[in-house]
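Colleague: I am new to this structure and should be grateful for a guided reading of it. May I put some questions to you?

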Amino acid sequence: MKKLVFAALLVAGIVSGTGASAQVFGQYTSADILPVNSRLAGAYLDLSSNVVGLLGQLRLSFYPNVDFGFQGGFGRLDLGSSSKTTLRLGGDFRIGAGQPSESFPLKLAVGGALGVETSDQYHVLRLGPTAVVSHAYAFSSTASIAPYAGTMLSFASVDIGGENQTDFSVPIRLGAELRAIPGVQVAAEFQWRLGDDFADRTAFTGGVNLPF
């Protein structure tokens, strides 16, 4: 547990001087890669000081140690003098890159993600590589909790009111999956968006993951 906390704080220290523009979609899961031919559906509520969003996710696996995710939903964005409803679409893939060992007892998954958020005179495109580490702690033979820490090297193109700008940021996420009910995984995640264009320094996402 100490090594997991240390890894999360290390990531936070790396990004403390960087900025993030607009929203960044998450995978909302631990570093566990789905088994071949299995699926996972998720639904999440995203909250910050200027955004309320609903997002759905479908994850699939067709190849050993690789899974894919597709995200879609809507957000209500407060711009101060006005507000917008945005369409949010994204996709990602992950590869299992490390299993727990005595020297490093964490699972590691790396991959890449692409996200689009759009509305009238508001368009954001972001992409970049991702990484997440996690470790599951069992309460019983059927219940466990899996804390995780994730990050992304995010390259973004932002077009607001006809003005275009590009940005590079390293958003971080700290979350956990609670697996206490068979077939249901409750997910909760905090995200740091330092330097966000809308002053959303932090955000919280909660929801459920349903493997099937």
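Colleague: How many salt bridges does the structure hold?

Modeller: The model is a predicted one. Side chains of opposite charge can pair when their charged atoms come close. One of the pairs is formed by Glu 177 and Arg 179. The number of salt bridges in the structure is nine.

Colleague: Which parts of the chain does the salt bridge between Lys 107 and Asp 32 tie together?

Modeller: The side chains of Lys 107 and Asp 32 meet at 2.6 Å, N to O. Lys 107 belongs to strand β5, and Asp 32 to the loop between α1 (2–15) and β1. The pair therefore ties together parts 75 residues apart in sequence, namely strand β5 and the loop between α1 and β1.

Colleague: Are Lys 107 and Asp 32 buried, partly exposed or exposed?

Modeller: Buried means under 20% relative accessible area, and exposed means over 50%. Lys 107 has a relative accessible area of 27%, and Asp 32 has one of 24%. Because these values fall in between, Lys 107 and Asp 32 are each partly exposed.

Colleague: Which residues are linked with Asp 32 in a network of salt bridges?

Modeller: Lys 107 meets Asp 32 in a salt bridge. Glu 177 pairs with Arg 179, their closest N and O atoms being 2.9 Å apart, and both of these residues are buried. The residues linked with Asp 32 in the network are Lys 107, Glu 177 and Arg 179.

Colleague: How far apart in sequence are the parts tied together by Asp 67 and Arg 94?

Modeller: Asp 67 and Arg 94 form a salt bridge whose closest N and O atoms are 3.1 Å apart. Asp 67 lies in strand β3 (residues 66–78) and Arg 94 in strand β4 (residues 83–98), so the pair ties these parts together across a sequence separation of 27 residues.

Colleague: Are Asp 67 and Arg 94 buried or exposed?

Modeller: The term buried applies under 20% relative accessible area. The description given to both Asp 67 and Arg 94 is buried.

Colleague: Which residues lie nearest the centre of the largest pocket?

Modeller: The largest pocket holds about 160 Å³ of space and is lined by 15 residues. By class, its lining has five nonpolar, four polar and six charged residues. Strands β1 (39–47) and β11 (172–181) each supply at least two residues of the lining. Nearest the centre lie Asp 32, Ile 33, Leu 34, Leu 40 and Gln 185.

Colleague: Which side chains of β1 point to the face where they are buried?

Modeller: In a regular strand the side chains alternate between the two faces of the sheet. Along β1, Arg 39, Ala 41, Ala 43, Leu 45 and Leu 47 point to one face and are not buried. Those that point to the other face and are buried are Leu 40, Gly 42, Tyr 44 and Asp 46.

Colleague: With which strands does β1 pair in the antiparallel sense?

Modeller: Nine bridges join β1 to β2 (residues 51–63), and Leu 47 has Val 52 as its bridge partner. These two strands form a hairpin with three residues between them. Eight bridges join β1 to β13 (residues 202–211), where Tyr 44 stands opposite Gly 207. The antiparallel partners of β1 thus include β2 and β13.

Colleague: What kind of aromatic pair do Tyr 28 and Tyr 44 form?

Modeller: The structure holds four aromatic pairs. In the pair of Tyr 28 and Tyr 44, the ring centres are 4.4 Å apart and the planes meet at 35 degrees. Tyr 28 lies in the loop between α1 and β1 and Tyr 44 in strand β1, so the pair ties together parts 16 residues apart in sequence. The pair is tilted.

Colleague: Are Tyr 28 and Tyr 44 buried or exposed?

Modeller: The cut-off for a buried residue is under 20% relative accessible area. Tyr 28 has a relative accessible area of 5%, and Tyr 44 has one of 4%. Because of these values, Tyr 28 and Tyr 44 each count as buried.

Notes:
Residues are numbered from 1 along each chain as its sequence is written. This is a predicted model: local features need pLDDT of at least 70, side-chain atom pairs count only at pLDDT 80 or more; totals for chains, interfaces and linings use all residues. Side-chain values use heavy atoms; hydrogens and water are left out. On a 1 Å grid over the protein atoms alone, a cavity is a set of points where a 1.4 Å probe fits but cannot get out, and a pocket is an open set with protein on both sides within 12 Å along at least five of seven lines; lining residues have an atom within 4 Å of a point. Grid points are joined across faces, edges and corners, and a volume is the space filled by probe spheres set on the points. Helices (H or I, at least four residues) and strands (E, at least two) are DSSP runs, numbered from the N terminus. Ala, Val, Leu, Ile, Met, Phe, Trp, Tyr, Cys and Pro count as nonpolar, Asp, Glu, Lys and Arg as charged, and the others, Gly among them, as polar. Buried means under 20% relative accessible area, exposed over 50%, partly exposed in between (1.4 Å probe, protein chains only). Two strands pair if DSSP finds at least two bridges between them. A salt bridge is a side-chain nitrogen of Lys or Arg within 4 Å of a carboxyl oxygen of Asp or Glu. Rings of Phe, Tyr and Trp (its six-membered ring) pair if their centres lie within 6.5 Å; planes under 30 degrees apart count as stacked, over 60 as edge-to-face and the rest as tilted.
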